Amino acid sequence: MTNGPGAGIPAVSSAILAMSRHLEVRDVLKTIVASARELLDAEYAALGVPDDHGGFAQFVVDGVSEEQWKAIGPLPRQHGILAAMLHNATPERLADVRADPRFRGWPSTHPDMSDFIGLPVADGNEILGALFLANKRCPKPEGTCGFTAEDERLLGILAQHAAIALTNARLYERSRELTIAGERARLAHELHDAVAQKLFSLRLTAQAATALVDRDPARAKGELHQVAALAAEAADELRAAVVELRPAALDEDGLIATLRSQAQVLDRAHTARVTFETLGVRALPASQEEALLRVAQEALHNALRHSGAEQVGVTLVRHGQGALLRVADDGRGFDTGTVRRAGRHLGLVSMRDRAAGVGGKLTVESAPGKGTAVEMEVPGG
């Protein structure tokens, strides 16, 4: 494969369009990996999405048969060269990954790899995962890397759009979960009818045109910077739409009935036992009720998807003139000393912002093997 200025970008464009057609996270991950392997003409490709416990929540491979994958065994841990891609935003190209001191702990049944390229898939400062490719199909003298600087550039473009595709797929899956609680129609409409598609088309145009333009580049780049600015505005609109969307059930039924209904539905939908209790709560300002509901949803999502909990309890009790929400689970917990790094993944930053936005306070208690408790106080009105 020849990755010249006009050869690589059409392939990148096709890959991006393929990613944008999928809404399920697993399908997006598979498309990203297959597209990356085809784009760089590599024998193997993988994409790992980390969890907060030293492993991978998802790990997708391409170029490895089902029999080989079963023989390899359990998902890898975050160590060595894999961890480097998750904690360092710098791409790496290696002539022989086996000679790297970080190459260790690989199963004997793992396919043999030589030249290697890896880079993170990041959304701003948050690393969502890492792409790994090995064994470029091209002639290469012993001890040299077949992957080129042009390969790295094209893969970087793909990774930027992979982050968008993965983020949108996660938002879609979150909207589907909220559907169980009565929010799907409005949230899915906000996500997919306008802003998300605008974001994809604008960023795709900016990246592809920047790489293809060969006449009057200064003027072209100036115009493309404007396109990129519009794309950023679209992203802001998307975030605002999600934050500002007020659940109809909350308006119609009130906070207590909405929380009870969601707990009942989630209890039926998951193997974990989900309960809800309330005592003496007075009517609260609408903004505080919405913030409490959003934090409860985020904390429930974390407990049910990430903690491995068997019991999740939601309580809402009177606290002075306001209320105290508590979502506690008996799951695996985490080291609160690493919460700053893990916070964005767990949604703790947005939960704290929601609490502060209504004059409240959020606290998190957790320890490895000891479960997690999220508490939010609001002052009332």
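## A tour from the cysteines to the parallel strands

Select Cys-145 to begin: its relative accessibility is 26%, so Cys-145 counts as partly exposed. Keep in mind throughout that this is a predicted model.

**Stop 1: the cysteines.** Stay on Cys-145 and add Cys-138. Why is there no bond from the sulfur of Cys-145 to the closest cysteine sulfur? That sulfur belongs to Cys-138 and lies 8.2 Å away, which is too far for a bond. A disulfide needs its two sulfur atoms within 2.5 Å. The count of disulfides in the structure is zero. Cys-138 takes part in none, and the nearest cysteine sulfur to its own is that of Cys-145. Now check the cover on Cys-138. At 27% relative accessibility, Cys-138 is partly exposed.

**Stop 2: the whole chain.** Zoom out and colour by secondary structure. The protein has twelve helices and ten strands. Switch on the surface next. The accessible surface is about 18300 Å², and carbon and sulfur atoms account for 51% of it. Of the 381 residues, 47% are buried. How far apart in sequence are the residues that touch? Among contacts between residues at least 6 apart, 65% join residues at least 24 apart.

**Stop 3: strand 4.** Select residues 116-123, which make up strand 4. Six of the eight residues here are buried, leaving the strand mostly covered. Add strand 3, residues 92-94. Strands 3 and 4 pair antiparallel, with three bridges. To see one partnership, pick Glu-92, which has Gly-118 in strand 4 as its bridge partner.

Now add strand 5, residues 126-136. Eight bridges tie strand 4 to strand 5, again in the antiparallel sense. Leu-119 and Leu-131 of strand 5 are bridge partners. Follow the chain round the turn. Strands 4 and 5 form a hairpin with two residues between them. Click Gly-124 in that turn: its phi is positive, about 65°.

**Stop 4: positive phi outside glycine.** Move along strand 5 to Asn-135. Phi of Asn-135 is near 65°, positive although the residue is not glycine. Is Asn-135 buried or exposed? The relative accessible area of Asn-135 is 10%, so it counts as buried; the cut-off is under 20%.

Jump to Asp-41 for another example. Asp-41 also is not a glycine, and its phi is positive at about 55°. Look for Asp-41 in the loop between helix 2 (25-40) and strand 1 (42-50).

**Stop 5: the aromatic rings.** The structure has three aromatic pairs. Show Phe-56 and Phe-59 as sticks. Their ring centres are 5.2 Å apart and their planes meet at 70°, so this pair is edge-to-face. Edge-to-face requires planes over 60 degrees apart. Both Phe-56 and Phe-59 are buried. Then add Phe-116 and Phe-132, which join Phe-56 and Phe-59 in one aromatic cluster.

**Stop 6: a parallel pair.** Finish with strand 6 (residues 273-279) and strand 7 (residues 311-319). These strands run parallel and are joined by seven bridges. Click Leu-279, then look across to Val-317 in strand 7, which stands opposite. Which way does the crossover from strand 6 to strand 7 turn? The chain leaves strand 6, passes through helix 10 (residues 286-306) and reaches strand 7 in a left-handed β-α-β crossover. View it with the strands pointing away from you to check the hand.

Notes:
Residues numbered from 1 in each chain as written. Predicted model: local features only at pLDDT ≥ 70, side-chain atom pairs only at ≥ 80, totals over all residues. Heavy atoms only, no water. Pairing = 2+ DSSP bridges. Helix = DSSP H or I, 4+ residues; strand = E, 2+ residues; numbered from the N terminus. Buried < 20%, exposed > 50% of the residue type's maximum accessible area, 1.4 Å probe, protein only. Contact = heavy atoms within 4.5 Å. Areas by Shrake-Rupley, 256 points an atom, 1.4 Å probe, with all protein chains shown as cover. Phe/Tyr/Trp six-rings, centres within 6.5 Å; stacked < 30°, edge-to-face > 60°.
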